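Okay, thanks for coming, everyone. Let me put the model on the screen, and then I'll talk you through it.

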Amino acid sequence: MLLPAKAEVARHLRHYRAWERAMLASPDDRRVRATFEDSGYTLCVLMGKRCAREAADAAERYLRTNLVTYLREQSSGRPHVGVVTRRNRRTAKKRRSPAGA
């Protein structure tokens, strides 16, 4: 997995937060809202997330931690398919054996 330079992430996160404040201050301004949404989209692409909120959170975590810790946090949230399958099979056997006996 390729990750952007921390300086680039910090710059885009600052940009996103600045436009977020501007958008909250004047929510009816279409130009401000469009620029805020554009900055959110850029952060999503940069961090590999679908939601700007998740991308901002991920960027903050990435800037707070070192690379190894960040990658561990990202991968620990996703279960491995093989592990889930094995657990389900064991659970299924345990459920069937008392009923069948």
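I'll start with the overall picture and then go through the helix pairs.

Quick housekeeping: this is a predicted model, so to speak, with local features needing pLDDT of at least 70, side-chain atom pairs counting only at pLDDT 80 or more, and totals for chains, interfaces and linings using all residues. Residues are numbered from 1 along each chain as its sequence is written, and side-chain values use heavy atoms, with hydrogens and water left out.

Right, the overall picture. The protein chain has five helices and zero strands, so along the sequence you just read α-α-α-α-α. Helices here are DSSP runs of H or I with at least four residues, strands are E runs of at least two, and the numbering goes from the N terminus. Of the 101 residues, 25% count as buried, where buried is under 20% relative accessible area, exposed is over 50%, and partly exposed is in between, with a 1.4 Å probe and protein chains only. The accessible surface comes to about 7,700 Å², and 54% of that belongs to carbon and sulfur atoms; that's Shrake-Rupley with a 1.4 Å probe, and for residues only the protein chains shown count as cover. If you take contacts with a separation of 6 or more, 51% of them are between residues 24 or more positions apart. Contact means heavy atoms within 4.5 Å.

Now the helix pairs. How do H1 and H2 cross? Their axes come within 9 Å, at roughly 150 degrees, with H2 covering residues 30-47. That makes H1 roughly antiparallel to H2. For the record, axes are lines fitted to C-alpha atoms, for helices over the stretch in contact, and angles run from 0 to 180 degrees between N-to-C directions. Under 35 degrees is roughly parallel, over 145 roughly antiparallel, 65 to 115 roughly perpendicular, and the rest oblique. H1 passes H2 in a left-handed crossing, meaning the near helix is turned anticlockwise from the far one by less than a right angle; clockwise would be right-handed. On the H1 side the contact includes His-12, Tyr-16 and Trp-19, and on the H2 side Phe-36, Leu-43 and Leu-46 are among the residues. By class that contact divides into 11 nonpolar, six polar and four charged. Nonpolar is Ala, Val, Leu, Ile, Met, Phe, Trp, Tyr, Cys and Pro, charged is Asp, Glu, Lys and Arg, and the others, Gly among them, are polar.

One residue to click on there is Glu-8, which sits in H1. Glu-8 is partly exposed, at 32% relative accessible area, and its C-alpha is 9.0 Å from that of Leu-46, 38 residues along the chain.

Next, H1, residues 6-25, against H3, residues 52-64: about 135 degrees, axes 10 Å apart. The two are therefore oblique to each other, and again the crossing is left-handed. Lys-6, Leu-13 and Tyr-16 are among the H1 residues here, meeting H3 residues that include Ala-56, Ala-59 and Tyr-62. This contact has nine nonpolar, no polar and five charged residues.

Which residues does Lys-6 touch, leaving aside neighbours within four places? Tyr-62, Leu-63, Thr-65 and Asn-66.

Last pair: H2 and H3 come within 8 Å and cross at roughly 55 degrees. That makes H2 oblique to H3, in a left-handed crossing. Gly-40, Leu-43, Cys-44 and Met-47 are the H2 side, and the contact divides into nine nonpolar, one polar and no charged.
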